[in-house]
Amino acid sequence: MIIAVDGPTASGKGTVAKNLAEHYGLKRLDTGSLYRAVGLAVLDAGDEPSDVGAALAAAEALDLGAIDERRIRSSAAGLAASKVAVIPEVREVLRRAQKTFAADPKGAVLDGRDIGTVICPDAEVKLFVTASLDERTRRRLAELHARGEQITFEELQAQIAERDARDMTRKDSPLYQAADAHLLDTTALSIEAAAQAAYAIVDGVIGPRG
Ligand code: CDP
C-alpha cells in the first residue's frame, strides 16, 4: 500500500505521515528533506540556490543516508529548498530516488508536494493536508524558536507565503490537491486528532485492518 501525503509548509503533513507509517507498519520518506538537503548543500558550498549547475551537482551528490536531520530544519534551508525545487533538472534527479523508494513491494508513506500528482499517481490513498496560514505560521514559529532561531511572526509569515506561492506556481510539479486526494484540514486539530482523522480516511478507502 502506498499512502501519498501532500500539502503546504507546516500544514502538519509530516506529523500525519509519521503517524500513518507507524500505525500501518509502513516505511516513510519525507521528500521535503531531500530538497532541504540539496538547498543546504548549495548554501554550504557558498552558491546560490537558483544556480542550476550548483543545485544539480548537489542533487547528484546527495547521500540519503547522510542527511543532517537537524541542520536541514533551519528556515534558511527551507527557503533554499523551495528555490532548488523549481529547477526541473534537480526534480528529475530526486524523482528517481523517490520512485525507487516507492517501488518497495512492502509499501510506503511518502509526504511532500507532488506525491499524489507526480511521484505516486497510482497511490492507494492520497491525503491533502492543509491548515490556515496563521496556524501554520504559529506552528513553524514554535519549532524555529525551539531551535533557538530568532525570527518574528511577521517575518516568518511572509517567508511561508513566499514559499507557498513558489511551490504552487512553478511549472514543474506544482503543489495542488490531486482530484482523488482526501482533504484533511488540521487547523483546529491536535496532533492526535489529526492522526485519528487520517486513519479514518485510510480505513475508509482500504477497509479497517483485521
Ligand atoms: O517543512 P516544510 O513542510 O515547510 O517543507 P518541506 O516539506 O520540508 O519541503 C521544503 C521545500 O521542498 C518545499 O517548500 C518545496 O519547495 C520543496 N518540495 C518539493 O518541491 N516537492 C516535494 N515533494 C517536497 C518538497
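A salt bridge is counted where a side-chain nitrogen of Lys or Arg lies within 4 Å of a carboxyl oxygen of Asp or Glu. In the predicted model described here, the structure holds 18 salt bridges, and one of them joins the side chains of lysine 27 and aspartate 104, with a distance of 3.1 Å from N to O. Lysine 27 belongs to strand S2 (residues 27-30), whereas aspartate 104 is found in the loop between helix H5 (88-102) and strand S3 (108-112), so this pair ties together parts that are 77 residues apart in sequence.

The ligand occupies the space of the largest pocket. Around the ligand there are 18 residues, of which Lys13, Arg36, Arg91, Arg163 and Asp167 come nearest. When this shell is sorted by class, nine of its residues are charged, five are polar and four are nonpolar. At least two residues of the shell are supplied by each of helix H2 (31-44), helix H4 (75-84) and helix H8 (153-169), and the largest share, four residues, comes from H2.

Contacts with the ligand involve both backbone and side-chain atoms of the protein. A polar atom in the side chain of arginine 36 is placed 2.6 Å from an oxygen atom of the ligand, while an N or O atom in the side chain of threonine 31 lies 2.9 Å from a nitrogen atom of the ligand. For alanine 10, it is a backbone N or O atom that lies 3.5 Å from an oxygen atom of the ligand. Of the 520 Å² of accessible area that the ligand has on its own, the protein covers 97%.

Conventions
Residues are numbered from 1 along each chain as its sequence is written. This is a predicted model: local features need pLDDT of at least 70, side-chain atom pairs count only at pLDDT 80 or more; totals for chains, interfaces and linings use all residues. Side-chain values use heavy atoms; hydrogens and water are left out. A residue is near a molecule or strand if one of its heavy atoms lies within 4 Å of it. A polar contact is a pair of N or O atoms within 3.5 Å; within protein, one must be able to donate a hydrogen and the other to accept it, and residues adjacent in sequence count only if both atoms are side-chain atoms. Accessible areas come from the Shrake-Rupley method with a 1.4 Å probe; for residues, only the protein chains shown count as cover. On a 1 Å grid over the protein atoms alone, a cavity is a set of points where a 1.4 Å probe fits but cannot get out, and a pocket is an open set with protein on both sides within 12 Å along at least five of seven lines; lining residues have an atom within 4 Å of a point. A molecule sits in a cavity or pocket if more than half of its atoms lie within 2 Å of its grid points. Ala, Val, Leu, Ile, Met, Phe, Trp, Tyr, Cys and Pro count as nonpolar, Asp, Glu, Lys and Arg as charged, and the others, Gly among them, as polar.
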